[in-house]
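Work through the exercises below with the sequence and the structure at hand. Each task is followed by a solution in steps.

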Amino acid sequence: NITISKNKTVKRTIKKLKARKTYYVKVRAYKKVGKTTYKGSKSKASKAYPKPAKVKITSIKSTAKGAKLYWKKVAGASGYVIYRSESKTGKYTKIKEIKKQTKISYNNTGLLKGKTYYYKVMAYRNMSGIYVYGKYSTVKQIRK
């Protein structure tokens, strides 16, 4: 239970939720007058889905045709999205969505020799068509 006072609009983060579960949240207003507390009706339950954990890229290796990226499996993830840029702080473009939670590598082919490429990966959960995204991994780079 979380109590919010002074008629404020509030966004709350609920911590320590398990990644594979769906949670339901209800809200109700109250007013305290002297020693008496008056409580309003509870809202309808809203679904809440915990975000997947941040992906950790473990390595990136040069291959004959490109680069192979490896990361640690994220509990509760439905899949992963890989982004690439040619500048660490530049615009990252989505290059691949992996729709398997167990696949933890990606082979990026067609890279040009002499160029440096930067990668980041994000885990996501698909909860009956509702997508919940985790945080981006730390950026990793490779020079071809």
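**Exercise 1. State how much surface the protein exposes, and what share carbon and sulfur atoms supply.**

Step 1. The protein exposes about 10,700 Å², an accessible area from the Shrake-Rupley method with a 1.4 Å probe, where for residues only the protein chains shown count as cover.
Step 2. Carbon and sulfur atoms supply 48% of that area.
Step 3. Note the basis: this is a predicted model, in which local features need pLDDT of at least 70, side-chain atom pairs count only at pLDDT 80 or more, and totals for chains, interfaces and linings use all residues. Residues are numbered from 1 along each chain as its sequence is written, and side-chain values use heavy atoms, with hydrogens and water left out.
Step 4. Of the 144 residues, 29% count as buried (under 20% relative accessible area; exposed is over 50%, partly exposed in between; 1.4 Å probe, protein chains only).

**Exercise 2. Count the helices and strands of the protein.**

Step 1. Helices (H or I, at least four residues) and strands (E, at least two) are DSSP runs, numbered from the N terminus.
Step 2. The count gives 0 helices and 12 strands.
Step 3. For contacts (heavy atoms within 4.5 Å) between residues at least 6 apart in sequence, 57% join residues at least 24 apart.

**Exercise 3. Describe how strands β2 and β3 are joined.**

Step 1. Two strands pair if DSSP finds at least two bridges between them.
Step 2. Strand β2 (residues 30–33) and strand β3 (residues 36–39) run antiparallel and are joined by 4 bridges.
Step 3. Opposite V33 stands T36 in β3.
Step 4. The hairpin has 2 residues between the strands, and G34 takes a positive phi near 65° there.

**Exercise 4. Give the strand order of the open sheet formed by 3 strands, and find its edges.**

Step 1. The order is β5-β6-β9, with antiparallel pairing.
Step 2. β5 (57–62) and β9 (105–109) are the edge strands, each pairing on one side only.
Step 3. Neighbouring strands of this sheet are turned by 15° against each other on average, direction ignored; axes are lines fitted to C-alpha atoms, for helices over the stretch in contact, and angles run from 0 to 180 degrees between N-to-C directions.
Step 4. Between β5 and strand β6 (residues 66–71) there are 5 bridges, and I57 has W71 in β6 as its bridge partner.

**Exercise 5. Decide whether S105 is buried or exposed.**

Step 1. S105 lies in strand β9.
Step 2. S105 counts as buried because its relative accessibility is 13%.
Step 3. Not counting residues up to four places away in sequence, S105 touches K68, L69, Y70, W71 and I98.
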